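Got the viewer open? Here is a short walk through the model, one selection at a time.

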Amino acid sequence: MSLSSHLSELKKKHHILEEQVEKAQRAPGVDGLHIAALKKQKLKLKEEIERLSH
């Protein structure tokens, strides 16, 4: 897999997680730990994207 396609996949996953976090935050009764786990995954993806972009 080329670097650009790998970065593209990571960005796509990051965007999907962003949507999941927003949806979970709007939904009543969603566990705060679940939201925190999604945010942590999103942050790891962002860090990986930044690391590979430089």
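Is S8 buried, partly exposed or exposed? Select S8 and show its surface: with a relative accessible area of 40%, S8 is partly exposed. Keep in mind as you click around that this is a predicted model.

S8 sits in helix α1. While you have S8 picked, draw a distance to K44: the two C-alpha atoms are 15 Å apart, although 36 residues separate S8 and K44 along the chain.

**The two helices**

Now colour residues 3-26 as α1 and residues 32-53 as α2. Their axes come within 9 Å of each other and cross at roughly 155 degrees. Angles over 145 degrees count as roughly antiparallel, and α1 and α2 are therefore roughly antiparallel to each other. The handedness of this crossing is left-handed. Colour the contact between α1 and α2 by residue class and you should find 11 nonpolar, six polar and seven charged residues.

**The nonpolar core**

Next, select L7, L10, L17, V21, A24, I35, L38, L45, I49 and L52 and show them as spheres. These 10 residues make up the largest nonpolar core. Both helices contribute here, as α1 and α2 each supply at least two residues of the core. For background, nonpolar side chains in soluble globular proteins tend to be buried together.

**H14**

Go to H14, which is placed in helix α1. Is H14 buried or exposed? The cut-off for buried is under 20% relative accessible area, so H14, at 17%, is buried. What does H14 touch, once residues up to four places away in sequence are set aside? Its partners are K42, L45, K46 and I49. Two of these, L45 and I49, also belong to the core you just selected. One more distance to draw from H14 is the one to Q41: their C-alpha atoms lie 8.4 Å apart, with the two positions 27 residues apart in sequence numbering.

**E19**

Stay in helix α1 and pick E19. Its relative accessibility is 42%, so E19 counts as partly exposed. Measure from E19 back to H6 in your viewer: they are 13 residues apart along the chain, and the C-alpha separation is 20 Å.

**The loop and its neighbours**

Where does V30 sit? Select V30 and you land in the loop between α1 and α2. V30 counts as partly exposed, at 30% relative accessibility. Leaving aside neighbours within four places in sequence, V30 is in contact with A24 and I35, and both of those are members of the largest nonpolar core.

Click on I35 to see this spot from the other side. With residues up to four places away not counted, I35 touches A24, Q25 and V30.

For the last stop, draw a line from V30 to S53. The C-alpha distance is 34 Å, for a pair that is 23 residues apart in sequence.

Key: Residues numbered from 1 in each chain as written. Predicted model: local features only at pLDDT ≥ 70, side-chain atom pairs only at ≥ 80, totals over all residues. Heavy atoms only, no water. Axes fitted to C-alpha atoms, helices over the stretch in contact; angles between N-to-C directions. Helix = DSSP H or I, 4+ residues; strand = E, 2+ residues; numbered from the N terminus. Parallel < 35°, antiparallel > 145°, perpendicular 65-115°, else oblique. Left-handed = near helix turned anticlockwise from the far one by under 90°. Nonpolar A, V, L, I, M, F, W, Y, C, P; charged D, E, K, R; others polar. Core = buried A, V, L, I, M, F, W, Y, C linked by side-chain atoms within 4.5 Å. Buried < 20%, exposed > 50% of the residue type's maximum accessible area, 1.4 Å probe, protein only. Contact = heavy atoms within 4.5 Å.
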